[in-house]
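Trainee: Could you take me through one helix of this model in close detail, along with what sits around it? I'd like one connected walk-through rather than a list.

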Amino acid sequence: MTRRFLFVLGSARSDGNTELLARRAAEQLPPAVEQQWIDLTAHPLPDFEDLRHDSDHVRPTEGPVARLLDATLAATDVVIASPLYWYSVSAQTKRYLDHWSGWLRIPGLDFKATMAGRTLWGVTALAHEEQVVADPLVGTLNNSAAYMGMRFGGVLLGNGSKPGDVLKDTEALARAKTFFAQDAPPARFPYEAG
């Protein structure tokens, strides 16, 4: 299968630090690798409604939910590009991941089996010198990948608050050059790592 990267942009600001860092990393991908970029602010998803026990689930055929579902299923690599908001992913990003719960229950879709073995990556910018404050965001993505049976490539962290600040983070820019070239191991829940 040809590698196909889906970049899910979860910032409330277009061309923000997280997107800038993700684009720097994406520039290093070989030309044959397909890239699709979807901005969740430009294509907002409705609030997720948990209907697990209340109704039949039907595959969406139009609108932002259908577009994100189709793009997610077509991707070999899903990149969550979300700034660190209150120590985790943005509301837009969380809503996207919440929709995965509904997609798991669509008859005949086999969402979990389809995503198993594919790779989840993260890119984030934070306005804090200590990167450990991003651990909840990293945990959210790692655990989501582990549940789905995916690989997890980790999270590319950069520092920046004002627009363009991340471009001054030379260490993050250096990591961006090789971020997607690294081997992504199968994701494991923390309790499995022992």
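**A close look at helix H3**

Mentor: Sure, let's start with the helix itself. Helix H3 covers residues 91-103, 13 residues in total, and spans 19 Å from the first C-alpha to the last, close to the 18 Å expected at 1.5 Å a residue. Keep in mind that this is a predicted model.

Now for what H3 tucks away. Its buried residues are Gln 92, Thr 93, Tyr 96, Leu 97, His 99, Trp 100, Gly 102 and Trp 103. Those buried residues pack against quite a list of partners: strands S1 (4-9), S3 (77-81) and S4 (119-126), plus helices H2 (63-74), H4 (111-115) and H5 (135-148).

Let's zoom in on one of those partners, H2. The usual way to describe two packed helices is by the angle between their axes and the distance between the axes. Here H2 and H3 pack at an angle of about 80°, and their axes are 11 Å apart. That angle makes H2 roughly perpendicular to H3. On the H2 side, Val 65, Leu 68, Leu 69 and Thr 72 make the contact, while H3 brings Tyr 96, His 99, Trp 100 and Trp 103. Sorted by class, this contact has six nonpolar residues, two polar ones and no charged ones.

Step back along the chain and you reach the loop between S3 and H3, which is where Trp 86 sits. Tyr 87 lies in that loop too. Most residues other than glycine have a negative phi. Trp 86, though, has a positive phi, near 50°, and for Tyr 87 phi is positive as well, near 75°. Trp 86 is exposed, with a relative accessible area of 79%, whereas Tyr 87 counts as partly exposed at 42%.

One more partner is worth following: S4, which is among the elements that the buried residues of H3 pack against. Strand S4 holds Trp 121, and Phe 180 is in the segment after helix H6 (170-176), so their aromatic pair ties together parts that are 59 residues apart in sequence. The pair is edge-to-face, with 5.1 Å centre to centre and 85° between the planes. Trp 121 and Phe 180 are both buried. They also belong to one aromatic cluster together with Phe 5, Phe 7, Trp 37 and Phe 179. Across the structure there are 13 aromatic pairs. For a stacked one, look at Phe 189 and Tyr 191, at 5.4 Å centre to centre and 5° between the planes. Tyr 191 counts as exposed, at 67% relative accessibility.

Technical notes:
Residues numbered from 1 in each chain as written. Predicted model: local features only at pLDDT ≥ 70, side-chain atom pairs only at ≥ 80, totals over all residues. Heavy atoms only, no water. Helix = DSSP H or I, 4+ residues; strand = E, 2+ residues; numbered from the N terminus. Expected span 1.5 Å × (residues − 1). Buried < 20%, exposed > 50% of the residue type's maximum accessible area, 1.4 Å probe, protein only. Contact = heavy atoms within 4.5 Å. Axes fitted to C-alpha atoms, helices over the stretch in contact; angles between N-to-C directions. Parallel < 35°, antiparallel > 145°, perpendicular 65-115°, else oblique. Nonpolar A, V, L, I, M, F, W, Y, C, P; charged D, E, K, R; others polar. Phe/Tyr/Trp six-rings, centres within 6.5 Å; stacked < 30°, edge-to-face > 60°.
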